[in-house]
Amino acid sequence: MNRMQRRRLVNGGVLLVIVFLGFTLSKCFWPNRCPQGTDLDTNHSFLDLKSKLSHLERTVFNTKQTPPSFLTAKTCTFPNFDPFDPAIIKIAVGNKTTLRCDLDFMPLLTYIDGRNLKVNTTQVDISLGTGNLSHCRYRNITGGPFDYSSVEFSDWSKTFRESVALEEDIEFIEVECFRRKPYNVSISKSYFSLVPRRKHLEKLYNVRLKKRSIEYQPQETLNIVMVGLDGLSRHQFLRAMPGMYTYLTKTLNSFDFTMHGQLGPASLPNLLGLLSGSTLEEVSEWWDFAQPEDAFDLMFKHFENAGYRTLFSENNTKHGAFYWGNRKFLYPQASFWDRPVHLAMRADKGYIRRNGVCLGSRPISEFQLHYLLDLIGTFSDKPAFTFTWIDKVSHDDTPNVGNIEEDLFKFYQTLTATGYLNRTLVILFSDHGQRWGKLRLTPNGYVDSRNPFMMFTFPPWFLKKYPYLANNLRENTRVLTTHLDTHQMLLDLLYFKSKEHPPFYKSRKGLSLFKRLPDRTCNEAHIPSTIRLHLLL
Ligand SMILES: [Zn+2]
């Protein structure tokens, strides 16, 4: 082979690499074009190429240094990247203006007041002009038969112009209002979630609570409120919501778990670990994606059996943590489950907008947090375990996630103002970091992707009463944790210092965050080899 032939061969090879990279980037750079299974973590050929090119070259070859210690450490350690590096801020932080969905949609002319659906006359005057509202009407939404993959609607109600009383058992409604001229033109459309008291079940909750109290004698009964933002790393939380972070750490003295790791690249393995205490690898011995997920035995049932009201809210009915392809539950996992209303909104063409962050004229975060606050308000003196999973805002539009900071801030303020925070553990958290986009292609983004954020807010009296627990939690903010550990702590809290062993099988995976955690290897923490930070060497 002469020199010319060798050069042609090398050029050809370089061209092939460029074509391959271009093809992979074009598929995965934008989230909508990158279906699950081909993102940066699960496409291993892409991961190998990109990580070796971008990460190793920059950290090892270019600087002529020995490999960084985090790549060769025996325990799972995290490298120190500056989250506020100006070059990263440029890519990572976008629009922080509060998300407004009402500016490009029909006005919201009705609201819920207790069990009444009312017309907002002030808004009618602003949007239509006084006297221009013809009438409104509503219909009930219920989950379809069998597996809640469809919904059923009642007939439309009688029309009303001011207010209408809703029946006690109604959970979800669709509301439409019409203008006077031209007649019969729909001028407002909205969906609402309600929390019925279900008085016929009160005795059951009371007797379960009494059973827990007498048989197990737990020392405390705290509510547990979990609010998850899909795909948000700790560093991105710090960058995009600095006000929220300061409020949580300085005003509410929340615990910031700085070395929280992930149990898998997607939502399912992480939320499965959190809610069931099992790893995906473990359940894959007896479950595959075509089987009902009810077999996971999520922890809602433990709380329900102990007399807690339970809520499970997941907005994405098609590509969510527990819904993707054939994956589904056959039965509701919690007493209050808003899947029917999200299915109804999804079926209403044009109602869910801006890549899923707007539900009509309401931001998705506001819609879901309102449902949660409604439950808290309805059962303020009864224990509750709630899980609210918000995906689109943080998962697909990570740079702009700051635009829901105000909703979160208002949420915590309501919990504080009502005194609910004083009897509740609030967990604000994520499952994994960003999986695609410009930021993900940087060394910072690569490390961030393995470090989802997690913040615990306990009532101050609880930490004062149990100082050694406060101390353990504080120490644990500086060591590797996963949601298997969160799971164990939540079960410890449900039967807090009880006289008897809790009435369920407790997974042996994970260590309760109430105990001082040791330094662990990735194996000991059950972090799969494919997503470890020292994968590269
Ligand atoms: Zn996720």
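This report walks through a predicted model of one protein chain, from its overall make-up to a few helices and single residues.

## The chain as a whole

Let us start with the broad view. The chain contains 19 helices and 17 strands. Its length is 537 residues, of which 41% count as buried. Among contacts with a separation of 6 or more, 75% join residues that are 24 or more positions apart.

## Helix α19 and its surroundings

Helix α19 covers residues 483-494. This helix has 12 residues and spans 16 Å from its first C-alpha to its last, close to the 16 Å expected at 1.5 Å a residue. Most of α19 is covered, with 10 of its 12 residues buried. The buried set begins with His483, Leu484, Asp485, Thr486, His487 and Gln488, and continues with Met489, Leu490, Leu493 and Leu494. The cover over these buried residues includes two strands, β8 and β16 (424-429), and two helices, α9 and α11 (300-305).

## How α9 meets α19

One of those covering helices deserves a closer look. The axes of α9 (residues 267-276) and α19 come within 7 Å of each other and cross at roughly 20°. Because angles under 35 degrees count as roughly parallel, α9 is described as roughly parallel to α19. The crossing of the two helices is right-handed.

On the α9 side, the contact is made by Asn270, Gly273 and Leu274, while α19 brings His483, Leu484, Thr486 and His487. Sorted by class, the contact of α9 with α19 has two nonpolar and five polar residues, and no charged ones.

## How α13 meets α15

A second helix pair offers another example. Helix α13 (residues 364-378) and helix α15 (residues 405-417) have axes that come within 10 Å and cross at roughly 10°. That angle makes α13 roughly parallel to α15.

Ser365, Glu366, Leu369 and Leu373 of α13 make this contact with Asp407, Phe411 and Thr414 of α15. By class, the contact of α13 with α15 holds three nonpolar, two polar and two charged residues.

## Serine 150 and helix α12

Serine 150 sits in the loop between β3 (133-143) and β4 (151-153). With 13 other C-beta atoms within 10 Å, serine 150 is partly exposed. Leaving aside residues up to four places away in sequence, serine 150 touches Gly144 and Leu343.

Leu343 leads us to helix α12, where it is among the buried residues. Helix α12 (residues 339-347) is mostly covered, since seven of its nine residues are buried. The buried residues of α12 are Arg339, Pro340, Val341, His342, Leu343, Ala344 and Met345. For arginine 339, the C-alpha atom is separated by 9.5 Å from that of serine 150, although the two residues are 189 residues apart along the chain.

## Arginine 516

Further along, arginine 516 is placed in the segment after α19. Arginine 516 counts as partly exposed because it has 14 C-beta neighbours inside 10 Å, which is short of the 20 or more needed for a buried residue.

Setting aside residues up to four places away in sequence, arginine 516 touches Asn472, Glu475 and Asn476. The partner glutamate 475 is 41 residues apart from arginine 516 in sequence, and their C-alpha atoms are 6.9 Å apart in space.

## Two residues with positive phi

Most residues other than glycine have a negative phi. Against that background, two residues in this model are worth a look. Glutamine 217 has a phi near 50°, a positive value in a residue other than glycine. Glutamine 217 is found in the loop between α6 (202-216) and β8 (223-229). Its 13 C-beta neighbours inside 10 Å make glutamine 217 partly exposed.

Histidine 526 also has a positive phi, of about 65°, although it is not a glycine. This residue lies in the segment after α19. Is histidine 526 buried or exposed? With 21 other C-beta atoms within 10 Å, histidine 526 is buried, because 20 or more such atoms place a residue in the buried class.

Key:
Residues numbered from 1 in each chain as written. Predicted model: local features only at pLDDT ≥ 70, side-chain atom pairs only at ≥ 80, totals over all residues. Helix = DSSP H or I, 4+ residues; strand = E, 2+ residues; numbered from the N terminus. Contact = placed C-beta atoms within 7 Å. Axes fitted to C-alpha atoms, helices over the stretch in contact; angles between N-to-C directions. Parallel < 35°, antiparallel > 145°, perpendicular 65-115°, else oblique. Left-handed = near helix turned anticlockwise from the far one by under 90°. Nonpolar A, V, L, I, M, F, W, Y, C, P; charged D, E, K, R; others polar. Expected span 1.5 Å × (residues − 1).
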